[in-house]
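Got the viewer open? Load the model, switch to cartoon, and keep the selection box handy.

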Amino acid sequence: MPIDSVLFAHLRKGATNVCRCWRVTRTDGRILGFTDHDMNLAFDGTEFRANDGLSARNIEQTTGLAVDNSEAMGVLSTAGVTEEDIATGRYDGAKVEAWLVNWADTSERHLLFAGEIGEIQRAGGAFKAELRGLTEALNQTQGRTYQKPCAAILGDASCRVDLADASYSAERDIVAVENGHFVDLGPLSDYRPRWFERGRLVVLSGPSAGDVRLIKNDTAANGGRRLELWEALRGTAIAGNRVRIEAGCDKKASTCRAKFANIANFQGFPHLPGEDFLMAYPVRGEEGGSMTGTTTDGFEDDAGGTT
C-alpha cells in the first residue's frame, strides 16, 4: 500500500513526530489499542493506550505471496493483556493492525501490517505473540477431500443441522470440575447415554467463558452426567458456571440418517472403494473376471459374501 503523501513529506523532514500504534480485535469482539508513544492517542474510534507496555519487532515484508511476519511483546497487566485472557484463548486468532502514525496529527498515518495473532508465549509477567500476515491463509490446504466419512462440521452451512434445536443441545450449570478434564452436570434424562460424545462443550459464564472443548466421553455418574474432555478447560471453571453442550457426530452415514435425519446433506462418500480394494485380484477360470481378496468395502467376493 503506497504511503500517504502528507506523511511521506513529514518523514522527509528528518526530524519527525512518528510512533507506532496497534489495534487488536479479539474473537469475542473486544477491541484494544496500544501505542509506543508516551501519551494516549485516538483515531478510527479506538483509543491507543500508552501505559500497557506493548512493543513490536521489525515487520518482515516481501513482495509476492510470501507471509509477512512480526512479533509483539508486552507486559501482562489488568488494563491491557491479562494472563487469564491468554490462558482462555481470547487472543487466539485475534486480528491485528499496525500503523506508523504522526502523533502530532493522527490523520497522517500509514498501515504497516494487517494479520492475526498466532502462537503466544508468556513468562515472568510478560508475553510474546507471533503476528502472521494476511497471506498466511494461502498456506492452508484448499479444495474438497473425497472420503467415506462426512466432511462437514456438525451445524455448519453444508451440514444444516440446527444445533439450537433442544434435541441436539442443552444448557446446564456445572456441578463439579475435576482437573479441568471431567465436568459433572445435573441429570440429562432427555438425552440417551453417550448422546454428546464427539460433541462440543462451550463455557458461557465464569473465568473460562468462551472456551470450547471437544467431548471424549459422555457417561452417567452421581445421578447426573459426567463429560470427559479431550483437552482440559483453559482458565478456572467452577461449579455454577453455565455451559452449553452439543450432540456429537461420528461422521457416519448411518448416524446422519438415524440420529439427525439429515442424510440428504451428508457430505461423505460411503460407497467409495478403500485402499484395500486395490489388493483384490482376478481368479483364473472365473467368468467375468471375478475378483477375490480380503476387503471391507461392501463388494461381494467370489464366494458370494460381502468383503
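Here's a walk from the whole protein down to one loop residue.

**Before you click.** The model is predicted, so to speak of local features we ask for pLDDT of at least 70, and side-chain atom pairs count only at pLDDT 80 or more, while totals for chains, interfaces and linings use all residues. Numbering starts from 1 along each chain as its sequence is written, and side-chain values use heavy atoms, with hydrogens and water left out.

**Whole protein.** In cartoon view, look for 3 helices and 18 strands; helices (H or I, at least four residues) and strands (E, at least two) are DSSP runs, numbered from the N terminus. Now add a surface: the accessible area is about 17800 Å², and 50% of that belongs to carbon and sulfur atoms (Shrake-Rupley, 1.4 Å probe). Of the 307 residues, 37% count as buried, where buried means under 20% relative accessible area, with a 1.4 Å probe and protein chains only. Take the contacts (heavy atoms within 4.5 Å) between residues at least 6 apart in sequence: 54% of them join residues at least 24 apart.

**Select 18–25 and 95–102.** These are β1 and β7, and 6 of the 8 residues of β7 are buried. The two strands run antiparallel, joined by 8 bridges; strands count as paired if DSSP finds at least two bridges between them. Show sticks on C21 and you'll find W99 of β7 standing opposite.

**Next, the open sheet.** Colour its 7 strands in the order β10-β16-β13-β14-β15-β12-β11; the pairing is antiparallel. At the edges sit β10 (169–173) and β11 (176–178), each pairing on one side only. Neighbouring strands here are turned by 30° against each other on average, direction ignored (axes are lines fitted to C-alpha atoms, and angles run from 0 to 180 degrees between N-to-C directions).

Zoom in on 212–221 and 224–229: that's β14 and β15, an antiparallel pair with 6 bridges. Pick N217, and its bridge partner in β15 is E228.

**Last stop: Q267.** Which elements flank the loop that holds Q267? The loop runs between α3 (253–258) and β17 (281–282). Measure C-alpha to C-alpha from Q267 to A253: 9.0 Å in space, 14 residues apart in sequence. Leaving out residues up to four places away in sequence, Q267 touches R144, P149, C150, A151, A152 and S158. Finally, the side chain of Q267 reaches the backbone oxygen of N265 at 2.9 Å.

Methods. A polar contact is a pair of N or O atoms within 3.5 Å; within protein, one must be able to donate a hydrogen and the other to accept it, and residues adjacent in sequence count only if both atoms are side-chain atoms. Buried means under 20% relative accessible area, exposed over 50%, partly exposed in between (1.4 Å probe, protein chains only).
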